[in-house]
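Please open the structure in the viewer and keep the sequence panel visible beside it. The tour below proceeds by selection, and each stop states what is to be found there.

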Amino acid sequence: MNGSTVVIGPPDGNMKQYIHSLEKLKNYDIEKIAPGHGELLDNPHEVAEWIISHRLEREKKVFHALKEATRELLILWSKEFMMMLIHHSSLSQKHRF
C-alpha cells in the first residue's frame, strides 16, 4: 500500500485470505487507512478495490505465463520423445538377428 508491495508468501501468507480481507474491508464505513508505513490513505474503498484488481491481474499474467511455459515444455518433450522413439526404433532395426 501507499507505493509499496505487500508480500504474501506461503506458508505464512495466503493470497486468497488477503483478497478476502480486502473485500471485507470494503464493507466497513471507514474514512482512512493507516498502513504499517507511509502516509494515511484517504480513499480506503478505492485503495482496496485497486489492490484486489491489481493482484488478480497479476495472478492472471502468472497463470498465462505458466500455461504457455507448460505448453512449450510439452512441445519440447514431445519432440524429444519422438526422437527417442525414432532413434530406438532404428537401433532395434539395425541389431535384429
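A residue is called buried when its relative accessible area is under 20%, exposed when it is over 50%, and partly exposed in between. The coordinates belong to a predicted model.

**The whole chain**

Begin with the complete protein in a cartoon representation. The protein contains two helices and zero strands. Of its 97 residues, 14% are buried. Now switch to a surface representation: the accessible surface is about 8,400 Å², and carbon and sulfur atoms supply 61% of that area. Among contacts with a separation of 6 or more, 45% are made by residues 24 or more positions apart.

**Before helix 1**

Select P10 and P11 and display the backbone atoms. The peptide bond joining P10 and P11 is cis, with omega at about 5°. P11 belongs to the segment before helix 1.

**Helix 1 and its two sides**

Next, select residues 15–25, which make up helix 1. Which residues of helix 1 are buried? They are Y18, I19 and L22. Turn the view to look down the axis of helix 1: the buried residues fall within an arc of 95°, so they line one face of the helix. Then colour K16 and Q17, which are exposed and are carried by the face turned away from the buried side of helix 1.

**From helix 1 to K26 and E49**

Select E23 and K26 with their side chains shown. These two residues form a salt bridge in which the closest N and O atoms are 3.2 Å apart. Are the partners buried or partly exposed? E23 is partly exposed, because its relative accessible area is 32%. K26 is also partly exposed, because its relative accessible area of 25% lies between the limits of 20% and 50%.

Add E49 to the selection. E23, K26 and E49 are linked in a network of salt bridges. E49 is located in helix 2 and is partly exposed, at 33% relative accessibility. Add L22 as well, and draw a line between the C-alpha atoms of L22 and E49: the two residues are 27 apart in sequence, and their C-alpha atoms are 7.7 Å apart in space.

**The loop between the helices**

Proceed to D42 and K32. Their side chains form a salt bridge, with the closest N and O atoms 2.5 Å apart. Both D42 and K32 lie in the loop between helix 1 and helix 2, 10 residues apart. D42 is exposed, at 53% relative accessibility, whereas K32 is partly exposed, at 44%.

**Helix 2: a buried arginine**

Select residues 44–94, the extent of helix 2, and then pick out R55, which lies in this helix. What charged side chain of opposite sign is nearest to R55? It is E59, 9.1 Å away, and R55 is buried yet has no salt bridge. Display the surroundings of R55, leaving aside its neighbours within four places in sequence: R55 is in contact with T5, V6, I8, M15, Y18 and I19. Two of these, Y18 and I19, have already been visited among the buried residues of helix 1.

**Helix 2: a salt bridge along the helix**

Move on to E57 and K60. Their side chains meet in a salt bridge, at 3.8 Å from N to O. Both residues lie in helix 2, three residues apart, about one turn of the helix. E57 is partly exposed, at 38% relative accessibility, and K60 is likewise partly exposed, at 45%. For the full set of such pairs, a search of the whole structure finds four salt bridges.

**Helix 2: a nonpolar patch**

For the last stop, return to the surface representation and select W77, F81, M82, M83, M84 and I86. These residues form a nonpolar patch on the surface, and together they have about 660 Å² of accessible area. Centre the view on M83, which is placed in helix 2. Why does M83 count as exposed? Its relative accessible area is 53%, and exposed residues are those over 50%.

Notes
Residues are numbered from 1 along each chain as its sequence is written. This is a predicted model: local features need pLDDT of at least 70, side-chain atom pairs count only at pLDDT 80 or more; totals for chains, interfaces and linings use all residues. Side-chain values use heavy atoms; hydrogens and water are left out. Helices (H or I, at least four residues) and strands (E, at least two) are DSSP runs, numbered from the N terminus. Buried means under 20% relative accessible area, exposed over 50%, partly exposed in between (1.4 Å probe, protein chains only). Contact means heavy atoms within 4.5 Å. Accessible areas come from the Shrake-Rupley method with a 1.4 Å probe; for residues, only the protein chains shown count as cover. Patches are made of residues with over 30% relative accessible area and no salt bridge: like charges are joined within 9 Å, nonpolar side chains (Val, Leu, Ile, Met, Phe, Trp, Tyr) within 5 Å. Lys and Arg count as positive and Asp and Glu as negative; His and the chain ends are not counted. The arc is that of the directions from the helix axis to the C-beta atoms.
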